[in-house]
Amino acid sequence: MMTIKTKILASFLCLATAGVARAAIAGEAEPLTPAYSDFQGKTIGFAFPDRQSMNIQKVFRDNAVYRARELGWKVIETDAKWDVGTQSKNILSLAARSDVAGIVMLSIDYVANNNAVKQFEATGRPVVVYHMGISYPSAGHVGPNFYQMGRLFAKTMTEDLGGKGKIALILGDPNSQSAVDDLRGMKEWLKENKSGLEIVFEQPANWDAEKAKQVTKTLLQQHPDVAGIWCNWDVQCVGMGQALKEAGQVGKIKTWTEAASDVCFTGLQEGYFTKCIGWDTRDQVRRAVDLVSMLVESGWKQGDKGIVWNVPLYIVTKDNMNDPRVHRLAFGEHSGYVSGESN
Amino acid sequence: MNWPGLRRVDKFLLKNQLAVLAVLAFVFFALVSPFFASAFNLQNLAREGAELGIVCVGATLVLLLGRLDISVGAVLGMSALIVILGCKAFALPLPLLVVVVLLFGAGIGAINGVLSSVVGIPSFIATLISLVILRGVMQWASSTEIMRTANSAVSTDHVFLAIGNGVFAGIPTSVLVLAVLFAATILVLRFTRIGTSIYALGGNFQAALRAGLRVTALEIGVFAFAGFCSALAGIFLASRLDSVTYQTGQYLEFYVLIAVILGGTSIAGGVGGVWGTLLGVAFIGILNNGMVMLTVDRDYQDVVIAAFLVFALVGDQYLNRRGETARRWQLADLWTPRQAKRR
Amino acid sequence: MTSAALRLEARGITKSFPGVRAVANVDLALMPGEIHALVGENGSGKSTLCMVFSGIYRPDSGIIFIDGAMVRPENPRHAQALGISMMYQESNLVPELTVAQNVALGHDPFLTRQAALVESVAAILRRLKFDVDPRMKAATLGGAQMQMVEIAKALYTRSKVIIMDEPTAALSASEVQRLHDVIREIAASGIAIIYISHALEEALALADRVTVLRDGEVAACRSTSELCREDLVHLMVGQHVEIVQRPTTRAKRGAELVRTMGLCWRDRVRDASFSLYAGEIVGLAGLIGSGRTEVASLLAGINRPDGGQIFVRSREVDLRSPRDALGHGIAILTENRKEEGLFLPLSVAHNLTIGILSRLRGIMGLLSPAREREEARAIADRLRLSTPSLQIDVRSLSGGNQQKLLIGRMLVREPDILIFDEPTKGVDVGAIAEIHHLIRELASRGKGILVISSYLPEIMALSDRILVMRGGEIVQDIDAADASTDAVISRAFV
Amino acid sequence: MEGLSTPAELARAARFQRARGARALFAWAGRNALTLIFLALCILLSAALPTFLTLGNWTIILQSSAIIGVMGFGLSFVMISGSFDLSFAATMLLAGAVSARIIMLDDQATVLALLAGPLAGAVVGVLNGTVVVVTGISPLLATIATAMLIRAFAVLYVMQTWMEIPRSAASFLWLGQGSLRGIPISIFLLAGVAAASFILLNRTGFGRMLYAVGASPRAARVAGLRDEAVRIGAFMICGACAGIAGVINVSSVGGLSAVFNISYLYDVITVVVVGGVSFFGGVGTVYGVALGLLIIGVLKNAMIILNTPYYAQSMVGGVFLLLAIGLDSWLRKRRAG
């Protein structure tokens with residue numbers, strides 16, 4: 001049973017999260033429609049991995065669509081619901097549409113869409129990938145440099161733990177390229193800098209919060225002396241946090257996660273995250289849309305060198321999370337806006 | 001007492017309904033989306049359809065025996081993985097690679113056959129197990145560094161790429177191969193002892209035994225053929241996508257079953273054939289591609305597909321097994337090894 | 001005659017199954033071109049003997065010659081290779097294959113040249129004066145046509161001996177005629193034919209010689225010219241040992257429990273009308289497939305009649321399921337214990353009490369193991385069920401005890417109309433007597449009882465009244481007192 | 001051994017006696033194979049891993065088996081009735097979403113939310129059962145189809161983005177996060193479901209009929225049992241259990257995302273089959289399923305403790321499935337042949 005204290009805490013947290021949520025849907029609902037734009041009458045295609053399952057994906061989608069409409073684009077969205085095959089089918093269907101001038105996408109997989117993208121670009125239209133990259137050198141990639149992020153994580157973790165201690169990694173899908181780069185960077189930095197941190201535990205939770213919870217519990221059971229936990233990202237980390245709470249380890253064990261998402265903010269709020277390394281989720285997709293627009297205008301051809309535009313990384317902590325500039329990293333200005341005309 | 005006569009009429013109707021449906025679907029999508037009938041999309045449709053079709057040819061024979069094979073998707077994925085690995089990591093000569101992969105597919109199929117006919121595991125479960133294990137192996141393989149590098153590399157081997165993307169006289173190569181495979185299967189079913197044996201085994205086990213057919217060998221052979229077909233499709237897929245993930249081929253088995261059963265092949269065995277399957281494949285292919293083209297939400301796509309599966313099953317129940325609907329059949333009919341009914 | 005001149009010769013064929021001696025030391029000799037009828041009651045060993053010839057069973061002892069050469073059929077295929085082919089009662093065709101493919105099944109070359117196959121099969125069909133397109137699917141054939149195709153199969157394999165197991169069972173009179181012509185025709189070409197039939201006139205009319213089997217032994221082997229129907233019947237029946245004494249005092253019949261009027265079901269039961277009174281045992285006699293079991297299944301609600309009415313205690317009832325039937329006090333002991341009676345993986349106790357779960361309620365309406373144990377024990381004792389424990393698998397009980405168990409389960413529902421279908425099938429001698437005793441006792445307690453049995457002496461011994469069925473119709477309803485075995489047999493057989 | 005009437009029976013009785021004698025040990029080992037495997041595993045692991053045999057670890061083993069276990073007991077009902085259900089994982093998602101939706105609307109409607117999940121599951125189960133029993137189509141394929149429909153329905157009409165349970169819904173979250181005397185509530189739930197299944201299967205008429213119908217549907221009909229109702233009932237229970245699992249899942253992590261985790265499907269089937277529930281109906285015990293659950297749970301736990309690569313885990317599952325089913329079918333074939 002809950003004590004009065006926890007009840008109070010709970011209601012406080014409730015209020016806090018509610019506040020966050022309210023802030024999330026701040027901002028105009030509809031973009032200004034330009035009186036004239038070079039893109040009027042042209043269509044931009046979006047290949048989203050999923051508009052629904054996570055808030056951060058929704059933020060990506062909302063801001064991307066908003067920016068496109070701002071620039072006067074006609075918008076057509078596709079949603080793969082996390083199914084790799086479906087996503088490349090979606091891209092090919094966009095390729096079949098001669099009215100689509102360019103694609104902005106977040107690729108579920110590092111390689112699975114190579115051929116689809118290639119086929120699309122073969123028709124002289126650019127594809128810009130945001131967030132995770134793909135191995136095919138497409139026209140452009142806007143997103144964090146996960147390798148560097150890994151190094152930054154290593155540095156931060158070492159500092160936070162005073163240079164030594166056992167750490168555990170809770171991965172999502174170990175095959176996702178972002179995780180691979182993360183770990184590469186992290187481990188390289190630890191080696192190069194002779195850090196005293198020792199990775200004692202490395203298990204995946206397949207993005208499943210419940211599994212993450214159980215895995216974390218086992219971890220705490222096995223390594224009571226674990227000093228820090230790195231949880232790859234998003235909802236599964238809620239499970240990790242839950243495990244920490246139930247073990248009464250919140251605040252005692254340092255924890256880090258990726259992306260300035262609502263999960264990150266809630267975690268910092270409730271104290272089960274020490275730090276998140278994030279970037280401007282809104283800015284990222286806006287840049288992606290802008291890049292595609294530029295390429296279209298400048299008459300991009302296949303074979304031109306792919307443009308890579310890495311977003312700057314920021315460290316979010318409980319102290320700075322309420323700074324509106326930091327807050328905007330996670331929620332941008334146009335979350336909660338859903339209308340987006342389809343064909 | 002001429003149920004058989006009626007049944008023939010019904011099946012005739014059923015099959016032609018399917019043809020009509022397929023045409024209608026095509027016309028509908030062509031009207032609704034101006035890009036559906038574009039050369040690009042049609043070729044794309046043909047390629048996806050061809051791969052599904054190749055798998056379905058094998059699966060049809062399995063169903064004719066009154067068995068199920070749901071490992072087709074995993075076998076396809078694993079074969080694709082082997083191709084990518086062999087071609088891009090070890091640069092094996094293609095002909096050798098192809099032979100190896102086809103043998104691999106046939107091998108897995110044979111194992112399924114043994115599990116089903118000799119050990120007596122219900123074929124559905126036997127193949128489910130192969131599926132689980134194969135997926136495990138694929139996860140492991142795709143997490144290895146060598147696989148990653150092979151996967152991320154964009155292939156420049158034109159011969160290899162031509163397998164899946166090549167066009168011969170305006171027709172995609174995979175379609176041609178499907179045509180050949182299809183013709184061959186028809187010939188085997190019509191004009192060889194194997195064909196008659198398959199129908200005999202599925203249609204009247206007693207008769208088959210009394211005629212002294214080699215029951216076990218036949219079953220193993222058919223499963224091996226199914227594996228072979230999946231592997232063949234896997235080769236095309238690997239070349240077309242120039243990459244593979246551990247999810248490649250996920251849920252394929254559902255589409256295969258739907259196509260085959262819609263095509264008028266009874267899951268009780270002995271009734272049906274490859275002609276119907278081809279229609280089924282065409283219909284499912286058009287439906288799927290068309291819905292993607294119209295950016296129909298993937299979940300609604302699932303609803304449509306599932307509805308057709310139910311339709312197909314009920315149709316099968318009341319048309320193909322009209323004579324004995326008095327007796328609602330138990331699971332065992334699908335599962336118990338027929339050998340048990342010998343005496 | 002020298003054995004070389006014989007097409008088929010069998011000496012001292014013996015085949016026994018656990019507990020049963022199906023065929024004992026049977027000799028059989030067929031001349032080329034001879035049509036040899038094989039007659040006998042159900043279970044007299046005809047089928048077993050033929051299955052020995054066709055390679056399905058290996059004989060325990062005895063030898064077989066084909067054209068004077070000793071052979072040992074290993075399996076059906078081998079037997080066919082040796083020139084013996086068998087036409088089975090149930091259809092043996094693959095519905096989805098063409099007639100030609102069916103005829104050639106298992107004997108076609110790897111690459112079947114369709115045209116050639118069709119031609120050769122067409123030739124055979126022509127020879128049988130059987131005009132059907134070899135290219136059409138077997139699924140579309142009627143009963144008679146199927147038989148023709150079966151014969152064509154036999155001819156296709158160049159058989160020297162063809163065994164026909166009741167080929168005319170499903171045929172109309174005219175079709176039978178045609179079939180006989182065909183058979184004579186092919187016999188004329190030197191093929192020997194073993195013709196099993198329950199239609200005695202048919203056998204006499206068609207065959208040159210006839211062998212009568214009784215309890216697995218040859219009762220006689222004569223040429224048909226020296227026999228008339230009555231002799232044949234007499235030979236078949238022989239002098240049976242009466243296993244139970246006929247009731248000296250007739251149980252006096254009480255009120256009418258069941259009356260059926262013009263029951264019809266598919267083509268298996270035609271216009272069956274009869275009634276059953278309290279306190280009497282009615283025997284339902286007839287051959288397998290004569291519709292006995294079907295009538296019972298209609299009464300027990302297992303099948304639903306297509307036409308006709310059933311009155312229970314002179315109130316019309318509609319029996320949709322066995323549950324309904326039980327509701328009206330009709331319980332059945334079905335013919336095949338394993339499929340329709342026992343729950344094999346379950347324990348004896350659970351099998352006994354499945355029908356009376358409501359009585360086992362203990363605290364909070366849950367089943368009380370104690371009460372279950374005593375209920376089960378009670379039933380078991382009442383039927384003198386001998387089992388090491390009530391907890392063992394029902395599998396490990398003997399046939400007799402399994403049957404008693406089922407009867408026990410039937411009785412706990414206190415039905416007043418009981419149907420026993422083959423009550424002593426596969427039951428050891430000791431148990432037979434007990435079961436018969438039980439049935440009598442039930443009758444004397446005023447139950448109405450319907451007994452079905454292929455074993456006539458049993459019917460004769462048990463019943464007060466006998467209904468004889470043939471081809472789905474009740475052809476006779478006689479008081480057991482003035483019925484003679486021969487009379488019944490001769491009505492049961494055509 | 002009085003009252004044995006025939007030699008055949010005397011022989012049988014003698015065999016029965018002998019079984020008590022020399023081959024008793026083997027017979028016993030054969031009957032208790034699962035228990036032995038389980039004990040062997042435990043001994044092995046506790047020797048290898050110092051922390052294995054601690055209360056804390058066992059709490060984790062049981063807690064992480066809770067969801068799979070609850071669904072496992074449900075599925076075993078359907079399998080004992082001689083049928084099959086592949087839609088329970090989707091049902092779990094739907095049920096979870098339903099109760100999450102309710103608790104998000106009113107964070108005090110705990111009871112309603114807790115009941116709604118299992119109720120939704122039960123309804124889905126009845127629909128499944130009716131489709132399978134009435135049309136008589138293959139349960140496997142039928143439930144594949146219904147699974148797709150259920151999932152789609154959940155995602156389209158019930159779910160939103162990551163559904164976060166308000167922290168104020170304390171009593172709802174307590175179900176999955178709280179504990180009594182250090183033992184998580186979900187373990188009590190698991191135990192409760194196990195006990196309920198045991199009572200249903202062994203102490204009620206429904207249970208008896210379930211075994212009977214599974215063992216021989218025709219015999220059950222002739223014996224006058226309501227076979228169709230019983231089979232539908234089995235599906236209903238399976239659905240309800242999936243519902244309970246869904247609720248546990250939601251309240252345990254305080255949220256639900258539409259990302260669908262297929263691995264539950266395989267895990268549950270593995271547990272039930274390893275637990276000795278036959279595919280052909282009429283056979284299966286709560287004790288067996290519980291053992292299967294423990295064996296798989298212990299294996300997974302050990303693999304995580306040993307920090308084995310994740311892919312090994314699914315493979316081990318597959319191999320276990322293969323062995324268990326292979327044995328079942330092989331024995332069955334021996335009996336039939």
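Here is a quick briefing on this complex, from confidence through chain contacts down to details in chain C.

This is a predicted model, and the predictor gives the complex an ipTM of 0.84 and a pTM of 0.86. Five pairs of chains touch, and chains B and D share the most contacts among those 5 pairs. Chains A and C, on the other hand, do not touch: their nearest C-alpha atoms sit 32 Å apart.

**Confidence and make-up of chain D**

- Chain D comes out with a mean pLDDT of 85, and 88% of its residues reach 70 or more.
- The start of the chain is where to be careful: over residues 1-5 of chain D, pLDDT stays under 50. For that stretch the model has 11 contacts beyond four places in sequence.
- Helix 1 (residues 7-20) of chain D has the lowest mean pLDDT among the chain's elements, at 56. At the other end of the scale is helix 9 (residues 185-203) of chain D, with the highest mean, 95.
- Chain D holds 15 helices and 4 strands.
- Of its 337 residues, 59% count as buried.
- If you take the contacts in chain D with a separation of 6 or more, 77% of them are between residues 24 or more positions apart.

**Where chain B meets chain D**

- On this interface, 38 residues of chain B are in contact with 38 residues of chain D.
- Chain B's side gets two or more residues from each of helix 5 (123-143), helix 12 (252-262), helix 14 (298-320) and helix 15 (331-335) of chain B.
- Helix 5 of chain B gives the most to that side, with 11 residues.
- Sorted by class, the chain B side has 27 nonpolar, 7 polar and 4 charged residues.

**Where chain A meets chain D**

- This contact takes 34 residues from chain A and 29 residues from chain D.
- On the chain A side, at least two residues each come from helix 1, helix 2, strand 7 (196-204), helix 7 (209-222) and helix 8 (236-247) of chain A.
- Helix 7 of chain A supplies the largest share of that side, 9 residues.
- By class, chain A brings 14 nonpolar, 12 polar and 8 charged residues to this contact.

**The two domains of chain A**

- Chain A splits into domain 1 (15-144 + 280-312 + 324-331) and domain 2 (146-278).
- The centres of domain 1 of chain A and domain 2 of chain A, taken over C-alpha atoms, are 28 Å from each other.
- Their contact takes 12 residues from domain 1 of chain A and 15 residues from domain 2 of chain A.
- Helix 1 (4-24), helix 2 (55-70) and helix 11 (324-331) of chain A are the elements that give two or more residues to the domain 1 side. The largest share there, 3 residues, comes from helix 1 of chain A.
- That domain 1 side has 9 nonpolar and 3 polar residues, with no charged residues.

**The sheet in chain C and what packs on it**

- Chain C has an open sheet of 6 strands in the order 6-7-8-3-9-10, with mixed pairing.
- Strand 6 (84-87) and strand 10 (217-223) of chain C are the edge strands, each pairing on one side only.
- From one strand to the next, the twist averages 20°.
- Strand 3 (residues 35-39) and strand 9 (residues 209-214) of chain C run parallel and are joined by 4 bridges. Val39(C) has Val212(C), in strand 9 of chain C, as its bridge partner.
- Helix 1 (residues 46-53) of chain C lies across strands 3, 6, 7 (161-165), 8 (192-196) and 9 of chain C, running at about 150° to strand 7 of chain C.
- Helix 8 (residues 229-237) of chain C also packs on the sheet, touching strand 3, strand 9 and strand 10 of chain C. The direction of helix 8 of chain C makes about 30° with that of strand 9 of chain C.

**Two helices of chain C**

- Helix 9 (residues 292-299) of chain C is mostly covered, with 8 of its 8 residues buried. The buried residues include Arg292(C) and Glu294(C) as well as Leu298(C) and Leu299(C).
- Gly301(C) follows helix 9 of chain C and has a positive phi, near 80°.
- Ser120(C) is found in helix 4 (residues 114-127) of chain C. Ser120(C) counts as partly exposed because 16 other C-beta atoms lie within 10 Å.

Definitions and conventions:
Residues numbered from 1 in each chain as written. Chains lettered and ligands numbered in written order. Predicted model: local features only at pLDDT ≥ 70, side-chain atom pairs only at ≥ 80, totals over all residues. Contact = placed C-beta atoms within 7 Å. pLDDT = per-residue confidence, 0-100. Domains from an automatic or database assignment. Nonpolar A, V, L, I, M, F, W, Y, C, P; charged D, E, K, R; others polar. Buried ≥ 20, exposed ≤ 12 C-beta atoms within 10 Å, placed from the backbone. Pairing = 2+ DSSP bridges. Axes fitted to C-alpha atoms, helices over the stretch in contact; angles between N-to-C directions.
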